[in-house]
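Please open the model in your viewer and keep the sequence panel visible beside it. The tour below goes from one selection to the next and says what is there at each stop.

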Amino acid sequence: MTKYYTGCHDWAQFYVAPYGWVFADLSFGGSAWREGDKERWNYYFGNLDIFRMPANSEIQKEFMPEKKWLRIDPIDNQRGEFEYEDHGLRFSQVNVSQELISMEDIEK
């Protein structure tokens, strides 16, 4: 994992009084720790990746309309779900590609 990776990554939700439920992005935070980037590590411990889809905030949430076949990603739906009326699809049956078009530092 690098800071330029655009794919799925791990995250967690944990409770801290008095703030309530907060998020940690373990993938980006972990890579920051390994690189010695304490500022980035501190950000991702207690914050959710700002580019994360809101659909990923509900762990194991049921879909509407309800799925008829087994889920591909039963945890947080980072890659989507696919099915036909008569059968579900596995990721090995779907061609997916991701392309990083650009990434730039934003001045503070």
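## Starting at a buried lysine

Begin by selecting Lys 67, which counts as buried because its relative accessibility is 15%, under the 20% that sets the limit for buried residues. Keep in mind from the outset that this is a predicted model.

Now add Glu 83 to the selection, and you will find that Glu 83 forms a salt bridge with Lys 67, in which the closest N and O atoms are 3.1 Å apart. This pair links distant parts of the chain, since Glu 83 and Lys 67 are 16 residues apart, each of them in the segment after H2. Unlike its buried partner, Glu 83 counts as partly exposed, at 29% relative accessibility. Extend the selection to Arg 71 and Glu 81, and you have a network of salt bridges that links Lys 67, Arg 71, Glu 81 and Glu 83.

## The whole chain

Zoom out and show the chain as a cartoon, where the secondary structure comes to two helices and two strands, arranged along the sequence in the pattern β-β-α-α. The chain has 108 residues, of which 25% are buried, and if you turn on the surface, you are looking at about 8900 Å² of exposed area, with 55% of it supplied by carbon and sulfur atoms. Among the contacts between residues at least 6 apart in sequence, 28% join residues at least 24 apart.

Colouring by confidence is a useful next step, as the chain averages a pLDDT of 77 and 77% of the residues score at least 70. Confidence is lowest in S2, with a mean of 81, and highest in H2, with 86. Where pLDDT is low, the predicted coordinates should not be read in detail.

## The two strands

Select residues 12-16 for strand S1 and residues 20-24 for strand S2, which pair in the antiparallel sense over five bridges. The connection between S1 and S2 is a hairpin of three residues. Two of the bridge partners can be picked out by hand: Val 16 is matched with Gly 20 in S2, and Tyr 15 is matched with Trp 21 in S2. Is S2 open to the outside or enclosed? Four of its five residues are buried, so S2 is largely enclosed by the rest of the structure.

Stay in strand S1 and select Phe 14, which counts as partly exposed at 21% relative accessibility. Which residues does Phe 14 touch, leaving aside those up to four places away in sequence? The list holds Gly 20, Trp 21, Val 22, Phe 23 and Ala 24, together with Phe 45 and Gly 46. For the last of these you can draw a distance in the viewer, as the C-alpha atoms of Phe 14 and Gly 46 are separated by 8.6 Å, although the two residues lie 32 places apart along the chain.

## The two helices

Move on to helix H1, residues 26-35, and highlight Ser 27, Phe 28, Gly 29, Gly 30, Ser 31 and Ala 32, which are buried. With helix H2 (38-44) also shown, you can see what these buried residues of H1 pack against. After H1 comes Gly 36, whose phi is positive, near 75 degrees.

The last stop is Arg 40, which is buried, with a relative accessible area of 15%. Which residues form a salt bridge with Arg 40? One is Glu 35, with the closest N and O atoms 2.6 Å apart, and another is Asp 37, with the closest N and O atoms 3.4 Å apart. Both partners are partly exposed, as Glu 35 has a relative accessible area of 46% and Asp 37 has one of 30%. To finish, you may wish to show every salt bridge in the model at once, for which the count comes to five.

Notes
Residues numbered from 1 in each chain as written. Predicted model: local features only at pLDDT ≥ 70, side-chain atom pairs only at ≥ 80, totals over all residues. Heavy atoms only, no water. Pairing = 2+ DSSP bridges. Buried < 20%, exposed > 50% of the residue type's maximum accessible area, 1.4 Å probe, protein only. Contact = heavy atoms within 4.5 Å. Areas by Shrake-Rupley, 256 points an atom, 1.4 Å probe, with all protein chains shown as cover. pLDDT = per-residue confidence, 0-100. Salt bridge = Lys/Arg side-chain N within 4 Å of Asp/Glu carboxyl O.
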